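Let's take a walk through this one together, with the structure open beside the text. We'll begin at the metal and finish at a pocket.

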Amino acid sequence: MTWTRRRFVGTALAASAVGPVLTEASEQKYMLRPAPVRARIAGVEQELLGFNGSWPGPELRARQGDTMRIRLENGLNDGALVHWHGLRVPNRMDGVNVLTQDVIPPGRAFDYHFDVPDAGTYWYHSHYISYDQVSRGLFGPLIVDERELPDVDQGITVQLFDMLVDRDGVFDENDSPGQFTAAGRIGNLAMVLMSTQSVRIGERVRLRLINPSIDRVFDLDIQGFEGAVVALDGMPLAAPRSFDRIVLAPGQRCDVIGDVTADLRFQGADGTDLGSVAARGQRARRTTPIAALPPNTAARPQEPAAHATLVMQGGMGGQPHGGFGTWALNDVSGLPAKPLVKVRRGATARITLRNQTSFDHVMHLHGHHFWELNASGHRGDYRDSTLVRAGEARDILCVLDNPGSWMFHCHMLSHQADGMATWLQVT
Ligand SMILES: [Cu+2]
């Protein structure tokens, strides 16, 4: 199945939907209206949720350094909130109820405005009853272009999504038995939603891979493509990294740049066909090597001022914990009264994540990126969401330089819904 960028309602700057005009920093104005939409999924027409009549939502674009002004107008029969995943926004723009703002009631609007200091591949999604609203389509890409664009013929946004459908191929209104206690609501329909319908052999393309699925970890094989990973969770790698397969947990992103060698095919772990785009025509392949993207600015970590441990507990067959929900962090299920970490702005915190459950979890920190530390304590990748496999542990290091109350939760949204969330406070 393919997905193309759709027109959306906006202001005079709505033309930026097809790519920003490369001028000095400017304002990108958008209007997003979440509401019920009809969409055709795998040939079946059905009632889902979307933004501006589009399923999923339209691609929002800005250029590094721009200001984004986004009016969220709630067309749902329920509350609405949108979180700008991976972007360093001011706390009050983060879209999290209880911590940063009230839920927007039906028929009401909220104006989000923030600068985008980092180039990269980000996304936006509902942060209200998100396991349900995101699973129905309330998500979309948010792309921040570099001031100097890399040498590619086209950038292609590729969203890896899954949906649980019933026998008629319609969104299953029943939650699956294991949704809240095991691996989550794993769809029986897995797909790629692509922003292009054609590629040429020999083209150099940038694939912006995003996993907006609520619970599924994708283990991706890309055929018809020779390239390298250039960014993770929006943040450029110091040097391009070759890859065989790409593992993307819910919320994570990965940018790869490479050359098309045949039809582009995306396959899941068991060889399942997720989608493809046929190669038509060709051009001479570049001889230039794939270059690293220009780095975003990251604060330098200091000696940690705080060291916290976060133990993930619960799930089917899991060890008991003191919380009321299925899942818990440090014996508390749901947002605790006190933050996991409280530091002054600019302090570095080290957090040990221990997954004592029989299931994988992906911990996402709002408002910041962090370094994954390897076994010897050295800094590895700089991400906003880290996958901690069942029974494993990982330390992360974070410069907490964005003041406010920041959610830190499992981005398997069924797990989050059932207790797997905490928060950090930066004063
Ligand atoms: Cu989880």
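**From the copper site to the pocket**

Along the chain, the donors of the copper ion are spaced as H-x48-C-x4-H. Keep in mind that this is a predicted model. Put residue names to that pattern and you get His361, Cys410 and His415, which coordinate the copper ion through ND1, SG and ND1 respectively, at 2.0 to 2.1 Å. Of these donors, Cys410 and His415 are both buried.

While we're looking at cysteines, how many disulfides are there? The count is zero, taking a disulfide as a pair of cysteine sulfur atoms within 2.5 Å. Take Cys254: its closest cysteine sulfur belongs to Cys410 and sits 20 Å away, so that's too far for a bond. Cys398 is in no disulfide either, as the nearest cysteine sulfur, again in Cys410, is 18 Å off. Cys254 is buried, at 2% relative accessible area, and Cys398 also counts as buried, with a relative accessibility of 2%.

Now for the largest pocket, which has a volume of about 320 Å³. Its lining is made up of 13 residues, and the ones closest to the centre are Pro236, Leu237, Ala238, Pro295 and Tyr382. Strand E15 (235-242) and strand E26 (379-383) each put at least two residues into that lining, with E15 giving the largest share, five residues. By character, the lining splits into nine nonpolar, two polar and two charged residues.

Where does this pocket lie relative to the domains? Domain 2 (154-282) and domain 3 (306-426) both contribute lining residues, so the pocket lies between them.

Notes:
Residues are numbered from 1 along each chain as its sequence is written. This is a predicted model: local features need pLDDT of at least 70, side-chain atom pairs count only at pLDDT 80 or more; totals for chains, interfaces and linings use all residues. Side-chain values use heavy atoms; hydrogens and water are left out. On a 1 Å grid over the protein atoms alone, a cavity is a set of points where a 1.4 Å probe fits but cannot get out, and a pocket is an open set with protein on both sides within 12 Å along at least five of seven lines; lining residues have an atom within 4 Å of a point. Grid points are joined across faces, edges and corners, and a volume is the space filled by probe spheres set on the points. Helices (H or I, at least four residues) and strands (E, at least two) are DSSP runs, numbered from the N terminus. Ala, Val, Leu, Ile, Met, Phe, Trp, Tyr, Cys and Pro count as nonpolar, Asp, Glu, Lys and Arg as charged, and the others, Gly among them, as polar. Domain bounds come from an automatic or database domain assignment. Donors are N, O and S atoms within 2.8 Å of the metal (3.2 Å for Na, K and Ca); water is not among the atoms, so sites may look incomplete. Buried means under 20% relative accessible area, exposed over 50%, partly exposed in between (1.4 Å probe, protein chains only).
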